[in-house]
Amino acid sequence: MSAKLKVAVLASGRGSNLEALLAAIDAGRCAAELVGVLSDRAAAPALTLASARAIPTRTVLPRDYADRDAWDVALAASIAELAPDLVVLAGFMRIVGSAVLARFPRRLVNVHPSLLPSFAGIDAPGQAIAAGVRISGCTVHLVDAGIDTGPVLAQAAVPVLAADDGPSLHARIQRSEHALLPAVVNAIAMGTLMLDPRPRYTADDALGESVLVAPPLLLHRAD
Ligand code: GRF
């Protein structure tokens, strides 16, 4: 895949991962171009962030559609208008359906605040605290029809500290997400992480290696 990967971001919330992508692009660490930000929530701060940068925004609100399938078809069409090479789900709080999956095969990635396959679904940091694990982290993975079940592309480990609760752990994990997600997007842009036909890093790729060995570095940098 050539440089300047066209990326669309789907976000429901704060948009700190979107912000991290933008910062990495500005700093020349991520060879991507953000072609649009879509949300299922009109009030998503991520939309404000995008508008401030003159990045096209779209809202596809579930209440405007008869059912989930109709919403999914509309979402797929809305994403397709932006003609992205890659679609990044960064805090998108709905499950995309078959229309989106079929339209962007192996072109949908999600960032999740746990080391999958542990703690899929909502409140992964809270699940990690409840389970008493000492190490958690974040995962960037391909999206499939399941909930946080697609092939893992990259992960970073984060320590769970004795005083942590769900929000404090999530905040630490998010700092790792902000490094990992732009690195993965850049690896896809540079062709060193290939999503076809089966996700894999090129064998001799230094950048891919650095993504994969990120956990100990991030571990030392946390707190
Ligand atoms: C992130 O922690 C991500 O892993 C999860 O939702 C959160 C989104 O945060 N899927 P933000 O909106 O990017 O700040």
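This briefing describes the pocket, the ligand surroundings and some backbone features of the structure above. The model is a predicted one, and the values given below are computed from it. The ligand takes up the space of the largest pocket, which has a volume of about 770 Å³, and the protein covers 89% of the 360 Å² of accessible area that the ligand has on its own.

**The largest pocket**

- The lining of the largest pocket is made up of 37 residues, and those that lie nearest the centre of the pocket are Gly91, Phe92, Met93, Val111 and His112.
- Two or more lining residues come from each of helix H1 (16–26), strand E5 (108–112), helix H5 (124–131) and helix H6 (166–190), and of the elements it is H6 that gives the most, with five residues.
- By residue class, the lining of this pocket divides into 16 nonpolar, 14 polar and seven charged residues.

**The shell around the ligand**

- The residues that surround the ligand include the run Gly13, Arg14, Gly15, Ser16 and Asn17, and they also include Gly91 together with Val111, His112 and Pro113.
- His170, Gln174 and Glu177 are likewise among the residues around the ligand, and H6 is the element that gives the most to this shell, with three residues.
- At least two residues of the shell are supplied by each of H1, E5 and H6.
- The shell divides into two nonpolar, eight polar and two charged residues, whereas the lining of the largest pocket counts 16 nonpolar residues beside its 14 polar and seven charged ones.
- Gly91, Val111 and His112 appear in the shell around the ligand, and these three residues are also among those that lie nearest the centre of the largest pocket.

**Polar contacts of the ligand**

- The side chain of serine 16 has an N or O atom that is 2.5 Å from an oxygen atom of the ligand.
- For valine 111 the contact is made through the backbone, where an N or O atom lies 3.0 Å from a nitrogen atom of the ligand.
- Proline 113 also offers a backbone N or O atom, in this case 3.4 Å from an oxygen atom of the ligand.

**Backbone features**

- Leucine 116 is joined to proline 117 by a cis peptide bond, with omega near 15°, and proline 117 has its place in the loop between E5 and H5, two elements that each give two or more residues to the lining of the largest pocket.
- A cis peptide bond is also found from aspartate 196 to proline 197, here with omega near -15°, and proline 197 is placed in the loop between strand E8 (193–194) and strand E9 (200–201).
- Alanine 54 is not a glycine, yet its phi is positive, at about 60°, and this residue is found in the loop between helix H2 (45–52) and strand E3 (57–59).

Methods:
Residues are numbered from 1 along each chain as its sequence is written. This is a predicted model: local features need pLDDT of at least 70, side-chain atom pairs count only at pLDDT 80 or more; totals for chains, interfaces and linings use all residues. Side-chain values use heavy atoms; hydrogens and water are left out. On a 1 Å grid over the protein atoms alone, a cavity is a set of points where a 1.4 Å probe fits but cannot get out, and a pocket is an open set with protein on both sides within 12 Å along at least five of seven lines; lining residues have an atom within 4 Å of a point. Grid points are joined across faces, edges and corners, and a volume is the space filled by probe spheres set on the points. Helices (H or I, at least four residues) and strands (E, at least two) are DSSP runs, numbered from the N terminus. Ala, Val, Leu, Ile, Met, Phe, Trp, Tyr, Cys and Pro count as nonpolar, Asp, Glu, Lys and Arg as charged, and the others, Gly among them, as polar. A residue is near a molecule or strand if one of its heavy atoms lies within 4 Å of it. A polar contact is a pair of N or O atoms within 3.5 Å; within protein, one must be able to donate a hydrogen and the other to accept it, and residues adjacent in sequence count only if both atoms are side-chain atoms. Accessible areas come from the Shrake-Rupley method with a 1.4 Å probe; for residues, only the protein chains shown count as cover. A molecule sits in a cavity or pocket if more than half of its atoms lie within 2 Å of its grid points.
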